[in-house]
Amino acid sequence: MEIILVSLLNGLVYGMLLFMLASGLTLIFSMMGVLNFAHASIYMIGAYLAFEVSRWFGFLPALILAPILCGAIGAAIEIWGLRRVHHNGHIAELLFTFGLVFIVQRGVQMIWGMLPMPYRVPSYLDFPLFTLYGANFPAYRGFMLLISAGMLLAIWLLLKKTRVGLIIQAALTHPNMVSSLGHNVPMVFTGVFAGGCGLAGLAGVIGGNYLTTESSMADAMGPIVFVVVVFGGLGSLAGCFIASIIMGMIQTFAVVFDYTIADMFSPLFKVPEMDTLLGEILTVPMSRIGPLLPYALMILILLVRPRGLLGTRDT
Amino acid sequence: MSDAARSIPMATPRRAGSAMTWLWVLGLVLAIALPWCFYDFAKARHSGFMISMFSQAGMMIIFALSYNMLMGQAGLLSFCHAVFFGFGGYVVIHALTGASNGSFPIPMELMPLAGGLAGLILAIIFGYMATKQRATAFAMITLGIGELMATAALMFQHFFGGEGGITSDRMIDRSLFGLSYAQSIEVYYLIVFWTMVSVIGMYFLTQTPLGRMANACRDNFERAQFVGYDPKIVRFIQFALSGLFAGMGGALYAIAYEIVTFDSMAGPLSANALLMAYIGGTTVFGGPILGAVLITVLQSGVSLLSNSWLVYVGVLFITMVTFVPEGLAGIIMAHGPIRKAGKLGKLAVPYVRILVPGFILVLGFVALVELVSFQTIGAAQGKKLVLFGNPIDIASNIPWAVAIGGLIIGGIWLRFESIVFGRVWDEITAELKRAEART
């Protein structure tokens, strides 16, 4: 029981972090049709910038400054990069961001070196918040939940209660109509791209010291975020939210359970021990299959329901 | 995702005739003769570095061309192509072990067929899932498949050998011609043979109705549907066949290196296929060959000299995407009509004028990247930056000023010259158009 509760909380923390990344990506993707491959790279830049800022000014300024800087980087990419290749179609835009991944990856290593950064949780947040069945729940995870819940609320208010949100929502589903009505759609695009990158930067700030700030963190996070966006469905923030939480839960719960496929059959019949690939598939524990599950789930849902969980149109 | 499919047709070899044939022959002669250009007559042995680079180029040509069967010819952006390459490699490693202990008696020369068959079977399985979709959904499914298989390769020790990979010995003593394949030059000629077979095979595939329908489904799948073809089936067959050729490339990899690790299945190699095909040019059949050779040579050469190889590839790729989406081969093809009209000479001066600032720009950029990287990665490796035999002090301001100056001056100058170049180019093409209209 206690394992389930603790995993539930950890899964929620990880899922919210995923949502922070995925929400920006899904907004960009569904509005502009641009699959921003460099989204996780921006997340990594966010973490490195947060480390740099917190070294000089402290953690709280980093929490504000790093996302703003990431947003500025995003705006620059959109204005000077994506707009130029826009007339060559969406594939060209995708490839452009794909090329950025290499540059950011190596650029970060060139500037900060190959070793992980000593970016740590600030001391005033480094205490156990409460104790659950003898296991401590760190205050920083509570803080992460707080920040992500605040972000969720802010996005919801922005999209549902303001005029800007109305235009963004309309541009999500009917970009041509919105532009016909006289709104500056390219500027909305730039704004959304910058906003999405800012969110990725924020995820980098609070995720960088929760996980590790190193040059492989973009590679580790990138594919999962894509899975979340596709799984949740295009044009739907709610689907994206559900998918983030599901993926967060899967990743944390899979580590906890040690069952194998052979164990599942054991009430029915005894699986003979085999020294083959099949035998290995049957006896590999759940905790090791964990990293596979999100991809398997994504392929499954795209086969059954190409528009994703709550998507409004085909990917 | 809108249907912004590129409507550039594949270069049709209708009148190409003799020139094309000569290009094929030249390629073959070059492939056979090249190792002997680097033969060390004093020690009577081949240059190991060169042979291994040419061998690598051979398998990468197959890999990039088979990738272009999807990207260029069918308009499918795949992120799992290395899976078939790697799987072919794994199967051949097991086959080599089987051949030496007698359980799989196949001569060495036919091993690539085993790899190709493995790639084909896997591509049929995954193609069935992926090719139901097109465009972005297809790309996402293949991304998932790629990650799935790369993770699985790390997980299942028995077949994939985990992180260490699996090794085997290529001296299986089974050959059609009595060769032992102890020397890398023998392996190189085996690779040349199979590369030639695959390239010709893939070329003829573009001429079949299947190849033409793949183009049709790329450009306008709805119309292809109305004509009576099912785009899903066309995509599926194209995907499966490209898996076949990728598997053959992987087989050659396994034979040449005698080890296959999960790297040969993972994302970076799939990305490499995309880079090679795109930089070479996806709209011309020979484009990926150009890209594969270029990237392999640069990779072998530059990665020895510099830590920043990935930055250069990334910048080159972004430049191509932004300014030359038709790739290197596309640029070369664009000169065809001008050459025919005998106006190539008019471009010589503008070319020289554009190359000078371009060279300064590249030099400034490379210098800046190297200076930055020597502060961190280079320092960690304990290396010193040495240019033309002179050690350079990266702490002083002068090299930085030179690099940044070169970057800025080269950039501004190039911008100016490229406008001039564009004017000349437009003039010539307009003239050609007028001449065509008159006849």
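## Pocket, cavity and chain contact in a predicted model

User: By class, how is the lining of the second largest pocket made up?

Analyst: Happy to break that down; note that this is a predicted model. The lining of the second largest pocket counts 50 residues. By class, these are 29 nonpolar, 17 polar and 4 charged residues.

User: Which helix gives the largest share of the lining of the second largest pocket?

Analyst: Good place to look next. The pocket has a volume of about 1500 Å³, and B:Ala266, B:Gly267, B:Pro268, B:Leu269 and B:Ala271 are the lining residues nearest its centre. With 8 residues, the largest share of the lining comes from H11(B).

User: How much area do chain B and chain A bury between them?

Analyst: Let's start with who takes part: 49 residues of chain A and 48 residues of chain B make up the contact. The size of an interface is often given as the accessible area lost when the parts come together. For chain B and chain A, 80% of that area lies on carbon and sulfur atoms, and the total is about 4300 Å².

User: How many residue pairs are in polar contact across the interface of chain B and chain A?

Analyst: Salt bridges are a natural thing to check alongside, and the count between chain B and chain A is 0. For polar contacts, the rule takes pairs with both residues at pLDDT 80 or more, and the number found across this interface is 0.

User: Which helix of chain B supplies the largest share of the side that touches chain A?

Analyst: The interface with 0 such polar pairs draws on several helices of chain B: H5 (135-155), H6 (157-160), H11 (267-280), H13 (309-323) and H16 (348-381) each bring at least two residues to the side touching chain A. The largest share there is 13 residues, and it comes from H5(B).

User: And by class, what does that side of chain B hold?

Analyst: The largest share of this side belongs to H5(B). Sorted by class, the side of chain B that touches chain A has 32 nonpolar, 13 polar and 3 charged residues.

User: Which helix gives the largest share of the lining of the largest cavity?

Analyst: Searching the whole structure turns up 1 cavity of 30 Å³ or more, and the largest cavity has a volume of about 40 Å³. Its lining has 6 nonpolar, 3 polar and no charged residues, among them A:Leu21, A:Phe37 and A:Val225. Helices H1 (2-32), H2 (39-56) and H9 (217-232) of chain A each supply at least two lining residues. The largest share, 3 residues, comes from H9(A).

User: Why are A:Glu52 and A:Arg55 separated by about one helical turn, and in which helix?

Analyst: Side chains of opposite charge can pair when their charged atoms come close. The structure holds 4 salt bridges over all chains, and one of them joins A:Glu52 and A:Arg55 at 2.7 Å, N to O. The separation is about one helical turn because A:Glu52 and A:Arg55 are 3 residues apart in chain A, in helix H2.

User: What is the N to O distance in the salt bridge of B:Asp219 and B:Arg218?

Analyst: This one takes us over to chain B. The cut-off for a salt bridge is 4 Å. The side chains of B:Arg218 and B:Asp219 meet, N to O, at 2.8 Å.

Terms used
Residues are numbered from 1 along each chain as its sequence is written. Chains are lettered from A and ligands numbered from 1 in the order in which they are written. This is a predicted model: local features need pLDDT of at least 70, side-chain atom pairs count only at pLDDT 80 or more; totals for chains, interfaces and linings use all residues. Side-chain values use heavy atoms; hydrogens and water are left out. Contact means heavy atoms within 4.5 Å. Buried area is the accessible area (1.4 Å probe) that two parts lose on being put together, summed over both. A polar contact is a pair of N or O atoms within 3.5 Å; within protein, one must be able to donate a hydrogen and the other to accept it, and residues adjacent in sequence count only if both atoms are side-chain atoms. Helices (H or I, at least four residues) and strands (E, at least two) are DSSP runs, numbered from the N terminus. Ala, Val, Leu, Ile, Met, Phe, Trp, Tyr, Cys and Pro count as nonpolar, Asp, Glu, Lys and Arg as charged, and the others, Gly among them, as polar. On a 1 Å grid over the protein atoms alone, a cavity is a set of points where a 1.4 Å probe fits but cannot get out, and a pocket is an open set with protein on both sides within 12 Å along at least five of seven lines; lining residues have an atom within 4 Å of a point. Grid points are joined across faces, edges and corners, and a volume is the space filled by probe spheres set on the points.
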